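Let's take a walk through this one, starting with the empty space inside and then moving on to rings, sulfurs and open pockets.

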Amino acid sequence: MSKLGISSKILGTFGICSILSLTLYAQDPKELLQKAKNAGLLPLPSGKELLKYQQEKIKQQNIAQDYNAKLTTKQVELGKKLYFDPRLSTSHLVSCNTCHNLGLGGVDILPAATGHKWQPNGSHLNSPTVYNSMFNEVQFWDGRAKDLGEQAQGPLVNPVEMASTPQKVVESVQSIPAYVNEFKAAYGNNVKIDFKLIADTIAMFEMTLNTPTRYDDFLNGNLKALSKEEQEGLNIFINEGCTACHNGINLGGSMQPFAVMKPYRFASIGGFKGDKNGMVKVPALRNVMDTAPYFHNGQFWDVKDAIKEMGAIQLGINISDEEAEKIKTFFGALTGKYPEITYPILPASTDKTPKPQL
């Protein structure tokens, strides 16, 4: 056979492989949209639908249940100040924003959350993003908090996070007249400033930290919202079975078994086992490109490596480099529009404000 004949045969084979590859990844946008819906993927609510969702959550979770909690401007702004105020911590150095930095995708970009006296989390747990956290079914990696109000209480009293006590948190807030007046403006003159209400107010601010994306536009029917490459990545994401856990509004946020097909290679780091049934909260994938490192103990910095590890330990499959790259491209469409957050000027301390303890 001539060299030309061999070359033609090779080119022909290459062309067939290319066509097969395109067939594997290609998906009609309308069919892909229906496939995404069938897989349980849901768009972020917006407008009146979002407001209704927030109000339902407030009612279901008993957020500030003794008051008229409706995410008013005064309630949300007060929650924002408390979120950024390090005086709620024993050291006066750690705030909610320390581990859930709103300028860094709602995380601290550390493998393990680090708080009071620069202590890392005892189980080497990574800080999940606070953005879109309202759409999680549970909070914390072991799912021990059912809602944001309950979650907000945890770091305040955790000895390796903010290291305070409910009594000291209340004392700090009540020692500042401007805060007392803002609580009255937010909830009425007869308001009782207690630990739960402080945490619930922080939670109401967190309920506003939502990031709509082009991915949501696609799920809402705009078939041109995602590029061809992003659609290919979404198609692979669904076909490989990733949506078995990463579904719903947040593409995660529920409790699921972990490392079901083979052991997680970094399981020994921190020794986290999940809840009493071995279940772990599924990481939400919105803004995932901004929230490295990945996994509960922050052991992967490259999202492609995290994708391949998940395929192996959860699905028992080998995700190729090409497939991981395409899924990564889809993940880029999950980066949303962050809300504009103006850093608040916090009210001044008084001589009654508890002094920092370092």
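## Cavities, rings and pockets

The largest cavity has a volume of about 130 Å³. Keep in mind that this is a predicted model. The cavity is lined by 14 residues, and those closest to its centre are C96, H100, P155, E161 and M162. In all, the count comes to three cavities of 30 Å³ or more.

Which helices build that lining? At least two residues each come from α5 (96–99), α6 (148–157) and α9 (195–206). The largest share belongs to α6, with three residues. As for chemistry, the lining of the largest cavity splits into seven nonpolar, five polar and two charged residues.

**Open pockets**

Now for the space that opens to the outside. Here are the two pockets side by side.

| Pocket | Volume | Residues nearest the centre | Lining by class |
|---|---|---|---|
| Largest | about 690 Å³ | H246, V282, P283, L285 and M310 | 27 nonpolar, eleven polar, one charged |
| Second largest | about 390 Å³ | H100, P128, F140, W141 and Q151 | ten nonpolar, twelve polar, five charged |

The largest pocket has 39 residues in its lining. Two or more residues each are supplied by β1, β2, α12 and α13 (321–332). Of these, α12 gives the largest share, seven residues.

The second largest pocket is lined by 27 residues. Here α6 gives the most, with three residues. That helix also provides the largest share of the lining of the largest cavity. H100 turns up in both places: it is among the residues closest to the centre of the largest cavity, and H100 is also one of those nearest the centre of the second largest pocket.

Two of the residues nearest the centre of that second pocket, F140 and W141, have a charged neighbour over the ring. The charged end of R144 sits over F140, 3.7 Å from the ring centre. For W141 the partner is K281, which lies over the face of the ring at 6.0 Å from its centre.

**Aromatic pairs**

How many aromatic pairs are there? The count comes to 17. Take F258 and Y264: their ring centres are 5.5 Å apart and their planes stand at 70 degrees, so this pair is edge-to-face. F258 is partly exposed, at 24% relative accessible area, whereas Y264 is buried at 4%.

Y264 has another partner in F295, and this pair is stacked, with 4.9 Å from centre to centre and 5 degrees between the planes. Y264 sits in the loop between β1 (255–257) and β2 (279–281), while F295 sits in the loop between β2 and α12 (303–315), so the contact ties together parts that are 31 residues apart in sequence. Is F295 buried or exposed? F295 is buried, with a relative accessible area of 9%.

Put these rings together and a wider group appears: F258, Y264, F266, F295 and F300 form one aromatic cluster.

**Cysteines**

What about disulfides? The count is zero. A disulfide is a covalent bond between the sulfur atoms of two cysteines. For C99, the nearest cysteine sulfur is that of C96, and it is 9.3 Å away. The cut-off is 2.5 Å between sulfur atoms, so C99 is in no disulfide. C99 is buried, with 9% relative accessibility.

C245 also has no disulfide, and its nearest cysteine sulfur, that of C242, is 9.2 Å away. At 17% relative accessibility, C245 counts as buried. C96, for its part, is among the residues closest to the centre of the largest cavity.

**Towards the end of the chain**

One last stop is T335, in the segment after α13. T335 is partly exposed, at 30% relative accessibility. Its C-alpha atom is separated by 28 Å from that of A267, and the two residues are 68 apart along the chain. The helix just before this segment, α13, is one of the elements that give two or more residues to the lining of the largest pocket.

Conventions. Residues are numbered from 1 along each chain as its sequence is written. This is a predicted model: local features need pLDDT of at least 70, side-chain atom pairs count only at pLDDT 80 or more; totals for chains, interfaces and linings use all residues. Side-chain values use heavy atoms; hydrogens and water are left out. On a 1 Å grid over the protein atoms alone, a cavity is a set of points where a 1.4 Å probe fits but cannot get out, and a pocket is an open set with protein on both sides within 12 Å along at least five of seven lines; lining residues have an atom within 4 Å of a point. Grid points are joined across faces, edges and corners, and a volume is the space filled by probe spheres set on the points. Helices (H or I, at least four residues) and strands (E, at least two) are DSSP runs, numbered from the N terminus. Ala, Val, Leu, Ile, Met, Phe, Trp, Tyr, Cys and Pro count as nonpolar, Asp, Glu, Lys and Arg as charged, and the others, Gly among them, as polar. Rings of Phe, Tyr and Trp (its six-membered ring) pair if their centres lie within 6.5 Å; planes under 30 degrees apart count as stacked, over 60 as edge-to-face and the rest as tilted. Buried means under 20% relative accessible area, exposed over 50%, partly exposed in between (1.4 Å probe, protein chains only). A charge sits over a ring if NZ of Lys or CZ of Arg is within 6 Å of the ring centre and within 35 degrees of the ring normal.
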